[in-house]
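Here is a short report on one protein chain. Please read it alongside the sequence and the coordinates.

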Amino acid sequence: MQINPGAAEFPHRQIAAQLKAQIRRGDWGPGERLPSIPAIAEMFGVAKQTVQRAVDQLRVEGILITKPGSGTYVRGTRRRLNRLSRGRYGGFRGYHTDLAARYRQQLVSVGRAPAPPEVADAFGVADGTDLLCRRHLVRTEDSPVEVGASWFLPADTAGTSLERAEAFGRPLYQEAEEATGRRYVSATDTISARQPSREEAEILQIRPDTPVLHLLHVAYDGQRKPIEVAQATWPGPVTTLTEEYKIPAPAPDPTPDPGLVLG
C-alpha cells in the first residue's frame with residue numbers, strides 16, 4: 001500500500017481509491033471489520049487524520065460504516081430498487097412479493113399533520129394545511145433503508161379505515177380505493193437528490209452530509225385529481241434505481257404518394 005506524493009489527487013483520495021479496490025476484489029467482505037485507523041496510517045506511511053478523511057469519504061459513499069466503540073466495517077450489499085413507485089401496483093395491481101421478502105415495512109404513525117410545501121402543491125392546498133398522514137419505515141435485516149409518508153385529503157378519509165393506526169394485509173392503494181371510492185388511474189414520480197434533514201439522518205442512521213434520494217409520488221383518479229401523495233427518502237450512496245424498458249423499433253418509411261411530384 002502506498003501513495004504517490006507527486007500525484008494531482010489528494011493523499012486521502014488515493015487511499016480511499018485503494019481501499020475501495022481492495023473491498024471490490026474481496027480482501028474485505030460485507031460485514032468484515034477493517035484494520036484500525038492507526039494501522040492503516042502505518043501501512044500507507046501517512047498521518048491518522050489523512051486515513052480518517054479517506055474513511056469518511058467511503059462512509060459518505062456508502063461503502064463503509066462505523067460502529068462506535070467497535071470499528072469500521074464494510075457495508076452490506078447495495079440496495080437495488082428495480083422499480084419506482086409503480087412497484088406498489090405490481091403486474092396485476094397487487095403487492096410485489098419479492099419486495100416483501102427483502103424489506104419489512106413498519107407503520108410509524110397515523111394522524112393529521114401540516115402538509116409540507118411539495119405535498120400541498122400536489123393537492124392544490126395552502127402550505128401547512130392539515131392532511132391525513134400515514135408515516136412508515138422500511139428496513140432490511142441490518143438497517144433502515146427508507147423513511148416515507150402517504151398523505152390524503154381529510155374529506156376523502158373521514159371515518160374510514162385509513163384513519164386507523166393499523167397496517168393492512170394488502171397494499172395501501174387498494175385500501176385507499178375501497179375507502180375513498182376512487183380508483184387509481186395514473187401517477188407521476190419525481191426524484192431529486194438533496195441533503196437529509198436532521199431527523200432523516202438520525203432515522204436512516206447516516207451522516208448529515210450523506211446525500212439522499214427523495215421520491216414524490218402523486219397518484220390520480222380518472223379526472224386527474226390526486227388521491228394520494230406519497231414521499232420516500234433513501235440513503236443515496238446505497239440506493240440504485242433501475243428501470244428496464246422496451247425500445248420501440250424504427251417506424252417504416254411512409255409509402256410515397258404516387259401523385260406527389262418532387263423537385
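## Exposure and two loop residues

A residue is buried under 20% relative accessible area, exposed over 50%, and partly exposed in between. Arginine 224 has 48%, so it is partly exposed. The model is predicted. This arginine sits in the loop between strand 8 and strand 9. Its phi is positive, about 60°, although arginine 224 is not a glycine.

Most residues other than glycine have a negative phi. Glutamine 205 also has a positive phi, about 60°, and is not a glycine. Its loop runs between helix 8 (198-204) and strand 8 (212-220). Is glutamine 205 buried or exposed? Its relative accessibility is 53%, so glutamine 205 counts as exposed.

## The sheet

Strands of a sheet pair through backbone hydrogen bonds, either parallel or antiparallel. Here six strands make an open sheet, and the pairing is antiparallel. The order is 4-5-6-9-8-7. Which strands form the edges? They are strand 4 (104-114) and strand 7 (186-194), each paired on one side only. From one strand to the next, the twist averages 15°.

Strand 5 (residues 130-139) and strand 6 (residues 144-152) run antiparallel and are joined by eight bridges. Valine 138 has glutamate 146 in strand 6 as its bridge partner. Arginine 135 is bridged to alanine 149, also in strand 6. Strand 6 also runs antiparallel to strand 9, with five bridges between them. There, glycine 148 stands opposite alanine 232 of strand 9.

## Strand 6 and its cover

How many residues of strand 6 are buried? Nine of its nine are, and the strand is mostly covered. Helix 7 (residues 172-180) lies across strand 5, strand 6 and strand 9 (226-235). Helix 7 runs at about 10° to strand 6.

Serine 150 belongs to strand 6. Its relative accessibility is 4%, so serine 150 counts as buried. Its side chain makes a polar contact of 2.7 Å with the side chain of glutamate 228. Leaving out residues up to four places away in sequence, serine 150 touches Arg88, Leu132, Cys133, Arg134, Leu172, Glu228, Val229 and Ala230.

## Histidine 214 in strand 8

Histidine 214 lies in strand 8. At 6% relative accessibility, histidine 214 is buried, because the cut-off is 20%. Which side chains make polar contacts with the side chain of histidine 214? One is that of arginine 194, at 3.3 Å. Another is that of threonine 233, at 2.9 Å.

The contacts of histidine 214, neighbours within four places in sequence set aside, include Glu118, Thr190, Ile191 and Ser192. Arg194, Gln231, Ala232 and Thr233 are also among them.

## The loop between strands 5 and 6

Threonine 140 is placed in the loop between strand 5 and strand 6. Its relative accessibility is 15%, so threonine 140 counts as buried. Where the chain is concerned, threonine 140 and arginine 104 are 36 residues apart. Their C-alpha atoms are separated by 6.4 Å.

## Helix 1 against helix 3

Two packed helices are described by the angle between their axes and the distance between the axes. The axes of helix 1 (residues 11-24) and helix 3 (residues 48-60) come within 8 Å. They cross at roughly 55°. That angle makes helix 1 oblique to helix 3. Why oblique? Angles under 35 degrees count as roughly parallel and 65 to 115 as roughly perpendicular, so this crossing falls into neither class. The crossing of helix 1 and helix 3 is right-handed.

Which residues meet at this crossing? Helix 1 brings Pro11, His12, Arg13, Ile15, Ala16, Leu19 and Lys20. Helix 3 brings Thr50, Val51, Arg53, Ala54, Gln57 and Leu58.

Key: Residues numbered from 1 in each chain as written. Predicted model: local features only at pLDDT ≥ 70, side-chain atom pairs only at ≥ 80, totals over all residues. Heavy atoms only, no water. Pairing = 2+ DSSP bridges. Helix = DSSP H or I, 4+ residues; strand = E, 2+ residues; numbered from the N terminus. Axes fitted to C-alpha atoms, helices over the stretch in contact; angles between N-to-C directions. Contact = heavy atoms within 4.5 Å. Buried < 20%, exposed > 50% of the residue type's maximum accessible area, 1.4 Å probe, protein only. Polar contact = N/O pair within 3.5 Å; in protein donor to acceptor, adjacent residues only side chain to side chain. Parallel < 35°, antiparallel > 145°, perpendicular 65-115°, else oblique. Left-handed = near helix turned anticlockwise from the far one by under 90°.
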